[in-house]
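User: Can you walk me through this two-chain model? Short answers are fine.
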Amino acid sequence: MLNILPILVVVASTHTVLPITVKTPELEINFMPRTPNQLGSFYEARGFPKAMRDLLSKQCFITVGILNTSKEKIWHDLSNWQFSVAGKPIKREHRDYWKKRWQDMAVPLSKQSTFRWTLIPETLDYLPDEHEGGNIILPFTDQPISLTATFLKGDNRQGKKITIQTDKLYCAEDPQ
Amino acid sequence: MKIPAKVFRLFILTLMLCMAGPSSADETVDTTGNEKVPFGIRDYDIGLAHNFTLHDVDGEKFELEKTRGRWVFLHFWASWCGPCREEMPAIQKLSDEIKSDKFQIVMINTAEDEDTIFEFLAALNVELSSLMDIDGMVTEVWKPRGLPTTFLISPKGEIRYQAIGGRDWGKTEYIDFVEHLIKSTD
């Protein structure tokens, strides 16, 4: 049976775009939306081609940090993260999608590699006290985004299922 | 007065135990004699390390296989990674503390150019050199969990441990651990 655990959502700012933290007894997950300007600066400083930066600046970037606060291994798998806007699912593109896009655009391998390392892994086992993170990329929307994500505990992913849920994710826009 | 042999042997044994006292090596082993693994380092016994050849920022060629006979501290990093920046001084301290020809620190920068690497290391005022994985392909093969990541490779070329994220390598527990690894293979 799916157990939806009590979730504490901490609102860290009162601005339009809010970094948020979702906590359960086993996990602490931070979501930090990034503006196109922040992303552009980061990638431009690392010599990313303009075409690549232009494409990325049209997406919704959210930096996610996950901390395992439990005493057991916890498995994260992005295929178990469902995003939606106004009740309709939105698709998070897999890193393989971006790999194909960059290959089609003949982006240098070094830039492709750096890009991949800025993404959160598709799957990862988090050891107790381990913190890892990275970006997720969604289609841009000015509406609030809902997320339901499930994680599995135990060495063989056969332990308790942990579900987190929030309706307070937003894409960040540059200040007018 | 003649001391019975049994009492004499007991006296000598007690004296030897008192003289031995605690040693730093004793503090880094558990009750089974194995290394006590410090926080943030996981056993990662996955077999032989993938060989690779890269050049460092001075143009010197490096081949992992040629490090056999030494423990290798293989560290993946990038200048844009905040924890990598924080960890560098600690790696420098580890390098300063461990003066052994049975230990080698090997840094691999992931997918950045020579100027970026040079400026980054110079700004941090560390004397560490780095290999350049310019196209990121060696990093892809090694698949670190994230950046930074450190692998500890045995003198036989086997991957034995993986450090998760940035660690304070200058702390006694990590230095003692590395020293114990070196001593255990002497």
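User: Which element of chain A has the lowest mean pLDDT, and which the highest?
Analyst: Strand 1 (residues 8–11) of chain A has the lowest mean pLDDT, 38, and strand 9 (residues 145–153) of chain A has the highest, 98. pLDDT is the predictor's confidence in each residue, from 0 to 100. Helices (H or I, at least four residues) and strands (E, at least two) are DSSP runs, numbered from the N terminus.

User: What ground rules apply here?
Analyst: This is a predicted model: local features need pLDDT of at least 70, side-chain atom pairs count only at pLDDT 80 or more, and totals for chains, interfaces and linings use all residues. Residues are numbered from 1 along each chain as its sequence is written, and chains are lettered from A and ligands numbered from 1 in the order in which they are written.

User: Where does pLDDT stay under 50 in chain A?
Analyst: Over residues 1–15 of chain A. The model has 30 contacts beyond four places in sequence for that stretch. Two residues are in contact if their C-beta atoms, placed from the backbone, lie within 7 Å. Where pLDDT is low, the predicted coordinates should not be read in detail.

User: And the chain averages?
Analyst: Chain A has a mean pLDDT of 89, with 91% of its residues at 70 or more. For chain B the mean is 85, and 81% of its residues reach 70 or more. In chain B, pLDDT stays under 50 over residues 6–28, a stretch with 11 contacts beyond four places in sequence.

User: What ipTM and pTM does the complex get?
Analyst: The predictor gives an ipTM of 0.78 and a pTM of 0.81.

User: How many residues does each chain bring to the contact?
Analyst: Chain B brings 16 residues and chain A brings 11 residues. On the side of chain B that touches chain A, helix 5 (residues 137–142) of chain B gives the largest share, three residues. By class, that side of chain B has seven nonpolar, five polar and four charged residues. For the classes, Ala, Val, Leu, Ile, Met, Phe, Trp, Tyr, Cys and Pro count as nonpolar, Asp, Glu, Lys and Arg as charged, and the others, Gly among them, as polar.

User: Back to chain A. What is its fold pattern?
Analyst: Along the sequence it reads β-β-β-α-α-β-β-β-α-α-β-β-β-β. That is four helices and 10 strands. The radius of gyration of chain A is 17 Å, close to the 16 Å from the globule rule for 176 residues, so chain A is as compact as a globular protein of that length. The radius is taken over C-alpha atoms, and the rule is 2.2 Å times the number of residues to the power 0.38.

User: How much of chain A is buried?
Analyst: Buried residues make up 28% of its 176 residues. A residue is buried if 20 or more other C-beta atoms lie within 10 Å of its own, exposed if 12 or fewer, and partly exposed in between, with C-beta atoms placed from the backbone.

User: Where is A:K73 found?
Analyst: In the loop between strand 4 (59–68) and strand 5 (74–85) of chain A. A:K73 has 18 C-beta neighbours inside 10 Å, so it counts as partly exposed. Beyond its neighbours within four places in sequence, A:K73 is in contact with A:D125, A:Y126, A:L127, A:G154 and A:D155. The C-alpha atoms of A:K73 and A:G159 are separated by 9.5 Å, at 86 residues apart along the chain.

User: Now chain B. Why is strand 4 of chain B called largely enclosed?
Analyst: Because seven of the seven residues of strand 4 (residues 71–77) of chain B are buried. B:W71, B:F73, B:H75 and B:W77 point one way, and B:V72, B:L74 and B:F76 the other way.

User: Which strands does it pair with?
Analyst: Strand 4 of chain B pairs with strand 5 (residues 103–110) of chain B in the parallel sense, over seven bridges. Five bridges join strand 4 of chain B to strand 7 (residues 149–153) of chain B, and those two run antiparallel. Two strands pair if DSSP finds at least two bridges between them. B:V72 has B:Q104 as its bridge partner in strand 5 of chain B, and B:F76 has B:T149 in strand 7 of chain B.
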